[in-house]
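Some terms in structural descriptions sound like matters of taste, but each rests on a rule. The turns below take a few of them and set the value beside the rule.

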Amino acid sequence: MPDTTGASYAAAGVDIEAGDRAVELMKEWVKKTRRPEVLGGLGGFAGLFDASALKNYDRPLLASATDGVGTKVDIARQLGVYDTIGHDLVAMVMDDIVVCGAEPLFMTDYICVGKVHPERVAAIVKGIAEGCVLAGCALVGGETAEHPGLLGEDDFDVAGAGTGVVEADRLLGPDRIREGDAVVAMAASGLHSNGYSLVRHVLLNEAGMALNTHVDDLGRTLGEELLEPTKIYSLDCLALMRTTDVHAFSHVTGGGLAANLARVIPDGLHASVDRSTWTPGAVFDLVGRTGKVERLELEKTLNMGVGMIAVVPQESADVALTTLADRGVDAWVAGEITERGDHATGATMTGDYAR
């Protein structure tokens, strides 16, 4: 007899029940990010945030950003480790927001999977929630989408959007920067979450290295190094604003240190960064040496050991370094602001890295 069973969503590859279970599993982690301004809980169509808290501002400016974590998700997939990639997502979004001096308020996420494995999705959200706690923001909602036929059963991607607030007269940016300001570098935790297409191509595809290979120079396996979570600087930057007169921040992501720093340097001025003030981590040398990648290409693609920059008055540099040290952030004066002169760009790298 012919099959008279009608088509169904489940037969097409979408498991609604698994999605519901994933939501139940993630609720306890989302609760940990709750701020007093958050209303309701998971399950609604929209997350609610009580904006009456902004009445304390004279002229509140809302800052927003959205981002993902790029192909670093493939390292998590291969290793079967899903509870750290959320740190990367929060860092990429909220550390962009804090650059203008804004306090992170809340975030939403989007998780796309080939097949919903409830425990796996909950682990991803756990990482996002932990990241939100480190950034001082609430996770007010999100979406988990199942895309059978477009993604493999173990494939996934994550993205997020965040909102922060800054008082208008405390907005940071190029107009505050002055000649003679110090460029304070904050150490990265590793590769962070950009440039992984190059890293994967060089180390995994071309060199054929296995993620479970122990690399002596790294002091751990290659997979552990590549999955090191991105440092979240949001609360450190806000603390710096409370103790000293910060003129600008620059989040070092895609494009590298010089290109991202140039984004906050005004016309007529130039940022000179001295490579000899720090030694990039071993993973940067590993990528460069293994792939015979030229230094300029590495610097355009990877952070080279610096994840965030603060531009402060020269006389405030010591206070800035002390504040960051007290918070466990490795930081140093890496350069200064000068007149533009013959420089074609807003920021350049000089000297050779310390060894």
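Q: What makes up the lining of the second largest pocket, by class?
A: In this predicted model, that lining has 6 nonpolar, 4 polar and 2 charged residues. The residues are Ala65, Asp96, Ile97, Val99, Cys100, Phe249, Ser250, His251, Thr253, Asn260, Arg263 and Val264. Asp and Arg count as charged, so Asp96 and Arg263 are the 2 charged residues of the lining.

Q: How do you know which residues belong to the lining of the second largest pocket?
A: A lining residue has an atom within 4 Å of a grid point of the pocket. Phe249 and His251 are among the residues listed for this pocket, so each of them has such an atom. The space in this pocket comes to about 230 Å³.

Q: Which element gives the most to the lining of the second largest pocket?
A: Strand β10 does, with 3 residues. Both α3 (85–97) and β10 (248–251) supply at least two residues.

Q: Why is the packing of α2 with α5 called oblique?
A: Helix α2 (residues 72–79) and helix α5 (residues 196–206) pack at an angle of about 50°, and their axes are 8 Å apart. Angles under 35 degrees count as roughly parallel and 65 to 115 as roughly perpendicular. An angle of about 50° falls in neither range, nor over 145, so α2 is oblique to α5.

Q: What makes the contact between α2 and α5?
A: On the α2 side are Lys72, Asp74, Ile75 and Gln78, which meet Tyr196, Arg200 and Leu204 in α5. By class, the residues of this contact divide into 3 nonpolar, 1 polar and 3 charged.

Q: Why are β3 and β5 called edge strands?
A: The sheet is open, with 4 strands in the order β3-β6-β4-β5 and mixed pairing. β3 (60–68) and β5 (138–146) each have a single partner strand, so one side of each is left without a neighbour in the sheet. On average, neighbouring strands here are turned by 15° against each other, direction ignored.

Q: How do you know that β4 and β6 pair?
A: Two strands pair if there are at least two bridges between them. Strand β4 (residues 103–113) and strand β6 (residues 156–167) are joined by 10 bridges, so they pair, and they run antiparallel. Cys112 stands opposite Asp157 in β6.

Q: Where does helix α4 pack?
A: Helix α4 (residues 118–135) packs on the sheet and touches β4, β5 and β6. The direction of α4 makes about 165° with that of β4. Angles over 145 count as roughly antiparallel, so α4 is roughly antiparallel to β4.

Q: What makes the largest cavity a cavity and not a pocket?
A: A cavity is a set of points where a 1.4 Å probe fits but cannot get out, whereas a pocket is an open set. The count comes to 1 cavity of 30 Å³ or more, and about 50 Å³ of space lies in the largest cavity. Helix α4 gives the most to the lining of this cavity, with 3 residues. By class, the lining divides into 4 nonpolar, 1 polar and 5 charged.

Q: How do you know that β7 and β12 pair?
A: Pairing needs at least two bridges. Strand β7 (residues 182–187) and strand β12 (residues 306–312) have 6 bridges in the antiparallel sense, so they pair. Ala187 stands opposite Val306 in β12. Both strands belong to an open sheet of 6 strands, in the order β10-β12-β7-β13-β11-β14.

Notes
Residues numbered from 1 in each chain as written. Predicted model: local features only at pLDDT ≥ 70, side-chain atom pairs only at ≥ 80, totals over all residues. Heavy atoms only, no water. Axes fitted to C-alpha atoms, helices over the stretch in contact; angles between N-to-C directions. Contact = heavy atoms within 4.5 Å. 1 Å grid on protein atoms, 1.4 Å probe; cavity = no way out; pocket = protein on both sides within 12 Å on 5 of 7 lines; lining within 4 Å. Points joined across faces, edges and corners; volume = space filled by probe spheres on them.
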